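Dear colleague,

I am passing on the structure below, together with notes on what was found in it. Please read the notes beside the coordinates and check whatever matters for your own work.

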Amino acid sequence: ARLGTSTEVLLVNDGSRDGTERLLADLATRDPRFRAIHFSRNFGHQAAITAGVQLARGRAVIVMDADLQASPELLEQMLAKWREGYHVVYAKRESRRHESALKRGLAYSFYRVLTRLSDVRIPEDTGDFCLMDRVIVDHLNAMPERNRYMRGLRAWLGFRQTAVTFVRPPRAAGEPKYAFRKSLSLGLNAILSFSKVPLRLGTYLGFVVSGFSFLLAIVFVVMRLMGMEVMVRGWASTIVLVLFLGGVQLLTLGIIGEYLSRIYDEVK
C-alpha cells in the first residue's frame with residue numbers, strides 16, 4: 001500500500017537445497033501477489049535475474065536480492081524517479097563499511113578498471129538493485145546473450161537513467177553464497193562482454209616489441225660504429241631478428257583479434 005500501486009513479487013529459487021522451495025510454495029499459495037520460480041539446479045545469479053525479468057508483467061520491474069542488503073526503503077524513491085520519467089533508476093552504494101577491507105578494495109578497483117576498459121559507461125559502485133521501465137525490460141528480454149552482465153546491458157541500452165544513493169547495511173542473517181570464484185567469474189564476464197581491450201593486447205604488445213627491436217638495432221649499429229664489440233659474435237643480429245619476428249607475430253594476432261571483436265559484436 002505504501003508504494004501506491006499494484007504489485008507482484010517474483011521469488012526466484014536458484015536451485016536451493018534447503019527448505020526454500022517449500023517455503024516459497026506456501027507463500028505463493030497464501031498470497032496471490034507472490035509467485036515462485038524454481039530452477040532445476042543452480043544456474044547462477046545473472047540467470048536468476050534474467051528469469052525474473054522475463055516473467056515479470058509490471059510496467060516497472062525492480063530487481064532485488066533476497067538478503068535485504070538492497071534496502072527496501074529505497075523503493076519509494078525509485079518509484080518517484082520513475083514517475084518523473086526516468087527509465088532506469090539504479091541504487092549506488094555510498095559505503096561498504098560492513099565488508100572486509102580486502103573485499104572493499106577489490107570491488108573499488110574492479111569498477112574503476114571496468115570503467116577504463118569498457119566501451120560502455122557502466123556506473124561505478126552499483127549492483128543489480130534497480131528499477132527498470134517496461135521499455136527497458138522488453139529490450140533486455142529481446143537480447144539473446146547467455147553469458148549476461150545485466151548491469152552492463154541496462155547501461156548499454158541508454159534511455160534516461162539516474163541513481164539513488166544508499167549505505168549498504170550488514171547482512172541480517174545467513175552467509176553469503178557468492179564466493180570469490182563466482183565474483184571473479186562475473187568480473188571477467190563483464191570485461192569480456194563490454195571491452196575489446198583483451199583482444200587488442202596482441203596489437204599493443206606487437207608495437208612495443210617491434211619498436212624495441214628497432215631501437216636495439218640502432219644501439220647495436222652505433223656500438224659497431226664506435227668500435228665497441230658485442231660479447232658474442234652474431235648475438236646482436238639474432239636478438240634483433242627474434243624480437244622483430246615476435247613483434248610481427250603479435251601484430252598479426254592483434255589483427256585477428258580486431259576481426260574477432262567485430263564478429264563478436266555481430267553475433268551479440
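The second largest pocket has a volume of about 360 Å³. A pocket here is an open set of points on a 1 Å grid over the protein atoms alone, with protein on both sides within 12 Å along at least five of seven lines, whereas a cavity is a set of points where a 1.4 Å probe fits but cannot get out; in both cases lining residues have an atom within 4 Å of a point. Grid points are joined across faces, edges and corners, and a volume is the space filled by probe spheres set on the points.

This is a predicted model, in which local features need pLDDT of at least 70 and side-chain atom pairs count only at pLDDT 80 or more, while totals for chains, interfaces and linings use all residues. Residues are numbered from 1 along each chain as its sequence is written, and side-chain values use heavy atoms, with hydrogens and water left out.

To return to the second largest pocket, 18 residues line it, and those nearest its centre are Ser 193, Phe 194, Tyr 264, Asp 265 and Lys 268. At least two lining residues come from each of H6, helix H7 (180-194), helix H8 (197-225) and helix H9 (235-267), where helices (H or I, at least four residues) and strands (E, at least two) are DSSP runs numbered from the N terminus. By residue class, the lining of this pocket comprises ten nonpolar, three polar and five charged residues; Ala, Val, Leu, Ile, Met, Phe, Trp, Tyr, Cys and Pro count as nonpolar, Asp, Glu, Lys and Arg as charged, and the others, Gly among them, as polar.

Helix H6 covers residues 150-157, and seven of its eight residues are buried, that is, under 20% relative accessible area, with exposed meaning over 50% and partly exposed in between (1.4 Å probe, protein chains only). The buried residues are Met 150, Arg 151, Gly 152, Leu 153, Arg 154, Ala 155 and Leu 157. Just after H6, Gly 158 adopts a positive phi of about 85 degrees.

H6 also takes part in the one cavity of 30 Å³ or more that the structure holds. The largest cavity has a volume of about 40 Å³, and its lining consists of Ile 49, Val 63, Asp 128, Cys 130, Met 132, Met 150, Arg 151 and Arg 154. S5 and H6 each supply at least two of these residues, and the lining divides into five nonpolar, no polar and three charged.

Which partner does Arg 151 meet in a salt bridge? The partner is Asp 128, at 3.0 Å from N to O, a salt bridge being a side-chain nitrogen of Lys or Arg within 4 Å of a carboxyl oxygen of Asp or Glu. This pair links distant parts of the chain, since Arg 151 lies in helix H6 and Asp 128 in strand S5 (residues 126-133), 23 residues apart. Both Arg 151 and Asp 128 are buried.

Also beside H6 in space is a long-range contact in sequence terms: Ala 47 and Met 150 are 103 residues apart in sequence and 9.5 Å apart in space, C-alpha to C-alpha. Ala 47 belongs to helix H2 (residues 45-55) and counts as partly exposed because its relative accessibility is 30%.

The structure holds six salt bridges. In one of them, Arg 35 pairs with Glu 8, and the closest N and O atoms are 3.1 Å apart. That pair also links distant parts of the chain, with Arg 35 in strand S2 (residues 34-38) and Glu 8 in the segment before strand S1 (9-13), 27 residues apart. Arg 35 is partly exposed because its relative accessible area is 27%, and Glu 8 is partly exposed at 24% relative accessibility. Glu 8, Arg 35 and Arg 57 are linked in a network of salt bridges.

Another salt bridge joins the side chains of Arg 134 and Asp 138 (3.1 Å, N to O). Both residues lie in helix H5 (residues 134-142), four residues apart, about one turn of the helix. Arg 134, at 22% relative accessibility, counts as partly exposed, as does Asp 138 at 41%.

Finally, S1 and S2 pair in the parallel sense over five bridges, where two strands pair if DSSP finds at least two bridges between them. Val 9 stands opposite Phe 34 in S2, and Asn 13 stands opposite His 38 in S2. Together with helix H1 (residues 20-30), S1 and S2 make a right-handed β-α-β unit; a crossover is right-handed if, with the strands pointing away from the viewer, the path from the first strand over the helix to the second runs clockwise.

With kind regards
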